[in-house]
Amino acid sequence: FPVGSFIADEMQERGWSIEELTARTGGDPVTQLTIELLIHAPTKGARLDKDTAVKLSLAFGTSYQLWLNLDEAWQ
């Protein structure tokens, strides 16, 4: 599964909108766009970068490596 599917599942479990997740990752509009693309337009070859993985880990209380590993497994 694309990493965006996991992000969407985690958001749904917490009742978060994309705006709330973005706020929890620091409020950066570029991060919001990246997350939206991961969720709505997953593309093989378009990799999750470490910076976004770190922001996701802080928001969800996980390791950044989890997100990188999920992306790697899908790629």
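This is a short chat about helix packing, aromatic pairs and one buried threonine in a predicted model.

Visitor: At what angle do α4 and α5 pack?
Guide: Helix α4, residues 50-60, and helix α5, residues 64-74, pack at about 125 degrees, with their axes 7 Å apart. They are therefore oblique to each other.

Visitor: Is that crossing left-handed or right-handed?
Guide: The crossing of α4 and α5 is right-handed.

Visitor: Which residues meet there?
Guide: From α4, Lys50, Ala53, Val54, Leu56, Ser57 and Phe60 meet Tyr64, Trp67 and Leu68 of α5. By class, the contact has 7 nonpolar residues, 1 polar and 1 charged.

Visitor: Switching to rings. How many aromatic pairs are in the whole structure?
Guide: A search finds 3. One of them is Trp16 with Phe60, a stacked pair at 5.4 Å centre to centre and 15 degrees between the planes.

Visitor: Where do those two sit in the chain?
Guide: Trp16 is in the loop between α1 (3-14) and α2, while Phe60 is in helix α4. They are 44 residues apart, so the pair links distant parts of the chain.

Visitor: What does Phe60 form with Trp67?
Guide: Phe60 and Trp67 form a tilted pair, 5.4 Å centre to centre with 35 degrees between the planes. Ring pairs thus link Trp16, Phe60 and Trp67 into a cluster.

Visitor: Are Phe60 and Trp67 buried or exposed?
Guide: Phe60 is buried, at 6% relative accessible area, and Trp67 is buried at 2%. Trp16 is buried too.

Visitor: What about Thr22: which helix is it in, and what is it in contact with?
Guide: Thr22 lies in helix α2, residues 18-24. With 4% relative accessibility, Thr22 counts as buried. Leaving aside neighbours within four places in sequence, Thr22 is in contact with Gly27, Asp28 and Gln32.

Notes: Residues are numbered from 1 along each chain as its sequence is written. This is a predicted model: local features need pLDDT of at least 70, side-chain atom pairs count only at pLDDT 80 or more; totals for chains, interfaces and linings use all residues. Side-chain values use heavy atoms; hydrogens and water are left out. Axes are lines fitted to C-alpha atoms, for helices over the stretch in contact, and angles run from 0 to 180 degrees between N-to-C directions. Helices (H or I, at least four residues) and strands (E, at least two) are DSSP runs, numbered from the N terminus. Angles under 35 degrees count as roughly parallel, over 145 as roughly antiparallel, 65 to 115 as roughly perpendicular and the rest as oblique. A crossing is left-handed if the near helix is turned anticlockwise from the far one by less than a right angle, and right-handed if clockwise. Contact means heavy atoms within 4.5 Å. Ala, Val, Leu, Ile, Met, Phe, Trp, Tyr, Cys and Pro count as nonpolar, Asp, Glu, Lys and Arg as charged, and the others, Gly among them, as polar. Buried means under 20% relative accessible area, exposed over 50%, partly exposed in between (1.4 Å probe, protein chains only). Rings of Phe, Tyr and Trp (its six-membered ring) pair if their centres lie within 6.5 Å; planes under 30 degrees apart count as stacked, over 60 as edge-to-face and the rest as tilted.
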